[in-house]
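Visitor: I am new to this structure and should be grateful for a guided tour. May I see it before we begin?

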Amino acid sequence: MAVITYRQALHDTLAEEMRRDQSVVLMGEEIGQFEGSYKITAGLLKEFGPERVIDTPIAEEGFVGAAIGAAMLGLRPVVEIMTVNFSLLALDQIVNHAAKIHYMFGGQARVPMVLRTPEGGGQQLAATHSQNFSSWYAYIPGLKVVAPSTPADARGLLKSAIRDDDPVIFLENLALYNTKGDVPAMGSEASSNGHAPADDTVQIGTAAVMKEGTDLTLVAYSRMSVVALEVARRLEQDQGISIEVIDVRSLRPLDRQTLIESVRKTSRCVVVEEDWYSYGVGAELVASIQEGAFDYLDAPIRRVAQAEIPLPYAKVMEQAALPKAANLVEAIKHTLEASGYRSRRTPA
Amino acid sequence: MAEVTMPRLSDTMEEGTIATWLKKPGDAVSRGDVLAQIETDKATMDLTAFEAGTLQEILAPEGTTVQIGKPVARIGSGKSAPQPSGTEGGQPSKARGAEPSETDRAEPSTRAAEQVPEEDGGQPSAGEGEQPSGTDRGGPSTRGAEQPSGTDAGQTSGRERDQPSGTEGSQTPKTPGAEQPSGMDGDQPSEISRAESSRTDGSQASKSPEVEPSGGGQSSAAANGKVRASPMARHIAAEHGLDLSDIHGSGPQGRVIRADVEAALGAPAGQDALAPGQQAQETSKPQPQDAQPGQEGSQAQTQAAQPGQEGSKAQTQAAQPAQDGDERIALSQMRRTIARRMAESTRTVPHFFLTTVVDATELGALRKQINDQTAEANGVKVSFNDLIVKGAALAVRKVPEVNVSFAEDSLIRHSHVNVGIAVATDRGLIVPVLRDADLKSLGAIAKETRDLADKANNGKLQPPDYSGGTFTVSNLGMFGVEQFQAVINPPESAILAVGAISKEPAEYHGEIALRDRLRLTLSVDHRALDGAVGARYLQALKALLEKPMLLLV
């Protein structure tokens with residue numbers, strides 16, 4: 001049991017997995033000498049040496065391709081791409097190679113590679129460095145895509161991702177690195193001696209109910225899950241609204257059942273994402289929910305998302321474009337009002 | 001110009017009632033669009049369009065009952081339906097559906113706002129520079145998809161809403177009854193509904209072209225005959241047999257929401273008529289074929305004798321004036337169907353009845369053994385009814401003469417043994433059909449029967465679930481009814497009425513012993529079969545049930 005940052009959880013889990021399994025190697029720009037742009041790999045070069053912690057040239061397509069080849073031949077590379085924005089340079093390798101090789105060549109080789117990369121805006125990094133491409137990757141069969149929101153899930157999903165025999169896109173978020181959370185298994189003997197207990201990993205393809213509730217289901221992933229949970233707690237405390245918060249955390253495969261069951265219970269739903277509104281992950285979530293829970297909906301499902309513009313650099317404008325707690329509260333209230341929540345509560 | 005006629009939506013359907021029109025005169029219609037919902041004798045089903053065009057005229061208003069094949073509406077070919085006069089808001093309406101782009105000139109403001117989103121959705125980054133101001137910010141492309149407002153309430157709604165409100169409203173095909181496009185509702189209902197009447201959106205041709213009489217403002221729910229209700233509200237209302245149009249909608253634009261339905265349920269009135277006593281409990285169990293078996297049977301007998309009278313009796317009853325405190329309950333389509341078919345059966349089918357007593361002791365022992373060993377693994381218990389259904393089906397196989405339909409100048413001998421199982425529900429009696437019951441294992445019969453009964457109780461049976469039966473089993477045993485005579489379910493030729501199993505002293509291996517005894521009564525259509533065939537059938541069935549291992553091999 002330990003309260004640590006998301007960053008620390010990633011760092012410690014990488015180190016543990018590398019100790020556990022010699023075939024786990026790290027590749028990426030500035031991850032060795034410089035210890036990573038976001039210091040996730042701090043100290044790892046020292047411990048594991050340059051054969052297992054490899055500083056690559058600034059050439060995403062090249063080193064992602066190299067990692068795919070290494071994975072096919074038995075290593076378990078964990079590639080860091082400095083931000084998701086640069087992964088576009090490696091898109092062909094990821095989409096046309098990593099995702100396809102196992103399928104196109106009679107299952108002769110698998111690609112047990114993890115591609116870690118942070119998404120997200122809000123850091124004043126301007127339009128080209130502040131994007132989310134969750135929906136792009138989640139769209140591709142052959143990839144697995146996870147986007148943990150808590151240190152515990154970051155740990156559990158990173159373990160699962162490294163041990164998975166398919167390529168996994170592991171989406172972090174810049175604004176999450178410093179967030180803290182309980183990581184129950186961390187530091188326990190069982191987990192550090194290489195024999196991790198079964199409950200230490202988080203199964204890819206499962207959503208998490210972060211908080212139970214009965215009046216409305218709030219669905220989110222990655223950073224917005226943290227915001228959603230805060231909003232839900234506050235609304236419950238201040239106004240007695242019971243909101244169930246679901247962290248999707250695995251975008252492909254998607255745990256539709258958990259979403260549907262929740263909405264069948266609450267009859268109301270708001271979906272939040274940091275991505276752009278149109279064609280986003282939220283659209284898929286809403287479609288899945290209405291397919292499975294149509295007869296249980298008492299109001300249209302609402303989405304809250306980023307304004308559909310290249311994210312501005314100016315701080316005020318950047319903040320205005322990103323979805324915030326206030327937007328969430330507004331959407332929740334609209335949804336509740338549209339379904340008579342008030343009238344049911346207040347005594348006649 | 002094409003006529004839309006009342007389709008045949010189920011085997012037994014002869015007429016249907018227009019429950020709800022989902023399109024109005026002037027609406028554009030694509031092939032496959034749902035025009036209306038039709039209440040048939042068994043379920044509420046969709047009336048879909050086979051022609052594209054414009055709904056010209058509704059010939060059968062909601063609530064009217066129309067015979068199969070009779071016209072209910074007319075669809076014309078025009079693309080841009082001339083809006084029914086007077087419905088247009090007057091201003092920027094311009095039949096949009098017709099010529100998407102030419103109209104711009106006319107109302108620049110509307111068009112500007114409208115086009116932007118489209119382009120925008122196309123290339124978010126490139127085209128962006130344009131200043132079409134706030135409009136696109138929010139979720140421009142979403143415009144077409146309609147929901148936007150509430151949603152981008154997220155961060156952009158403010159902007160969206162600041163838009164020249166007329167514009168906004170006018171392009172959002174807000175239509176009562178079209179349900180989902182309602183995303184707006186939360187926001188500014190009155191404004192929208194005012195504006196929305198003014199025009200329709202080309203991109204939504206098939207859906208949106210509904211035109212609301214202007215000034216309809218608030219309670220659009222019933223104003224034009226459509227009921228705006230949330231899926232949840234519909235679901236609950238359907239479960240309880242409530243008519244949504246009777247319920248006041250308190251949601252946005254008069255939408256009926258769950259709270260409204262629950263309030264209506266809380267109120268004493270409005271409940272569906274329950275047949276007296278009969279379905280009090282145990283509605284999920286397979287049940288008798290006829291509504292009031294005891295009576296019906298005896299009636300049926302006399303009936304066969306003097307067919308003429310029944311009709312007049314029924315009339316006098318109907319005519320009887322209600323007295324103080326009495327309540328007149330309109331017949332549901334289902335009740336109407338039961339009434340018609342049962343009357344028709346007793347009037348036209350000469351019934352005779354054969355009863356046999358089965359020693360069911362072994363049957364009970366076998367059932368216990370089966371359930372002890374398999375119930376857990378299979379997740380379902382085998383009931384006496386399941387055993388009897390299986391036996392009845394096998395016996396039909398042995399005496400296939402029973403598996404016929406009388407068709408005036410011929411007999412149709414059925415190749416499959418499809419056993420109908422009478423189920424009493426809150427709404428009335430229905431007979432879902434277990435296909436090829438003779439070929440199915442007891443476990444499969446148990447499971448399917450339970451599924452069908454659940455569906456029946458939830459009003460979810462689809463025509464294939466209750467059509468095509470060749471023989472019916474009706475069971476009142478669970479109510480302690482010793483024996484009864486069931487009314488044949490035409491065009492079948494026989495029905496088996498199953499009584500309760502009770503302990504009785506009986507001869508057993510030369511001595512008197514307490515044995516489980518079961519009375520089975522077969523009602524037979526004498527036009528199709530004679531007494532001896534019916535007797536052979538019962539003999540075969542009795543043999544199967546008394547040596548029940550035969551049901552398993």
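**A guided tour in questions**

Guide: Let us begin with a loop of chain B: B:Pro491 is found in the loop between strand S16 (471-475) and S17 of chain B. The model is a predicted one.

Visitor: Which residue is joined to B:Pro491 by a cis peptide bond?

Guide: Most peptide bonds are trans. The bond that leads into B:Pro491 is cis, with omega near 5 degrees. The residue on the other side of that bond is B:Pro490.

Visitor: In chain A, which residue forms a cis peptide bond with A:Arg252?

Guide: The bond has an omega of about -5 degrees. The partner of A:Arg252 lies in the loop between strand S12 (250-252) and helix H10 (256-266) of chain A. That partner is A:Pro253.

Visitor: Is B:His509, with its positive phi, buried or exposed?

Guide: Most residues other than glycine have a negative phi. B:His509 departs from this with a phi near 50 degrees, and its place is in the loop between S17 and S18 of chain B. A residue counts as exposed if 12 or fewer other C-beta atoms lie within 10 Å of its own. B:His509 has 5 such atoms, so B:His509 is exposed.

Visitor: How is A:Ala126 classed by its surroundings?

Guide: A:Ala126 also has a positive phi, of about 70 degrees, and is found in the loop between S5 and helix H6 (134-138) of chain A. The buried class begins at 20 other C-beta atoms within 10 Å, and the exposed class ends at 12. A:Ala126 has 14, so its class is partly exposed.

Visitor: What distance separates the end C-alpha atoms of helix H18 of chain B?

Guide: Helix H18 of chain B covers residues 531-546, which is 16 residues. At 1.5 Å a residue, the helix should span 22 Å. The distance between the end C-alpha atoms agrees with this, at 22 Å.

Visitor: What arc do the buried residues of H18(B) cover around the axis?

Guide: The buried residues are B:Gly534, B:Tyr537, B:Leu538, B:Leu541, B:Leu544 and B:Leu545. They are on the same side of H18(B), because the arc they cover is only 125 degrees.

Visitor: Which strands and helices do these buried residues of H18(B) pack against?

Guide: The partners include two helices of chain B, H14 (361-378) and H15 (384-398). The strands among the partners are S9 (351-359), S17 (494-508) and S18 (511-525) of chain B.

Visitor: Which are the edge strands of the open sheet of 4 strands in chain B?

Guide: The order of this sheet is S1-S8-S6-S3, with antiparallel pairing. An edge strand pairs on one side only, and in chain B these are strand S1 (2-5) and strand S3 (28-29).

Visitor: Which residue of S6(B) stands opposite B:Val29?

Guide: S3(B) is joined by 2 bridges to strand S6 (residues 53-58) of chain B, and the two run antiparallel. The residue of S6(B) opposite B:Val29 is B:Gly53.

Visitor: Which residues of strand S4 of chain A point the other way from A:Arg76, A:Val78 and A:Glu80?

Guide: In a regular strand the side chains alternate between the two faces of the sheet. Strand S4 (residues 76-80) of chain A is mostly covered, with 5 of its 5 residues buried. The residues that point the other way are A:Pro77 and A:Val79.

Visitor: Which residue of S5(A) stands opposite A:Val79?

Guide: S4(A) pairs in the parallel sense with strand S2 (residues 24-28) of chain A over 5 bridges, and there A:Met27 stands opposite A:Val79. Another 3 bridges join S4(A) to strand S5 (residues 114-119) of chain A, also in parallel. In S5(A), the residue opposite A:Val79 is A:Leu115.

Visitor: What is the hand of the β-α-β unit that S13(A) and S14(A) make with helix H11 of chain A?

Guide: Strand S13 (residues 269-276) of chain A and S14(A) pair in the parallel sense over 4 bridges, with A:Arg303 of S14(A) as the bridge partner of A:Val271. Helix H11 covers residues 281-293. The unit is right-handed.

Visitor: What is the mean pLDDT of chain A?

Guide: Some stretches score low: pLDDT stays under 50 over residues 189-198 of chain A, and over residues 343-348 of chain A it is below 50. Of the residues of chain A, 93% reach 70 or more, and the mean pLDDT of the chain is 93.

Methods. Residues numbered from 1 in each chain as written. Chains lettered and ligands numbered in written order. Predicted model: local features only at pLDDT ≥ 70, side-chain atom pairs only at ≥ 80, totals over all residues. Pairing = 2+ DSSP bridges. Right-handed = clockwise from strand over helix to strand, strands pointing away. pLDDT = per-residue confidence, 0-100. Contact = placed C-beta atoms within 7 Å. Expected span 1.5 Å × (residues − 1). Arc of directions from axis to C-beta.
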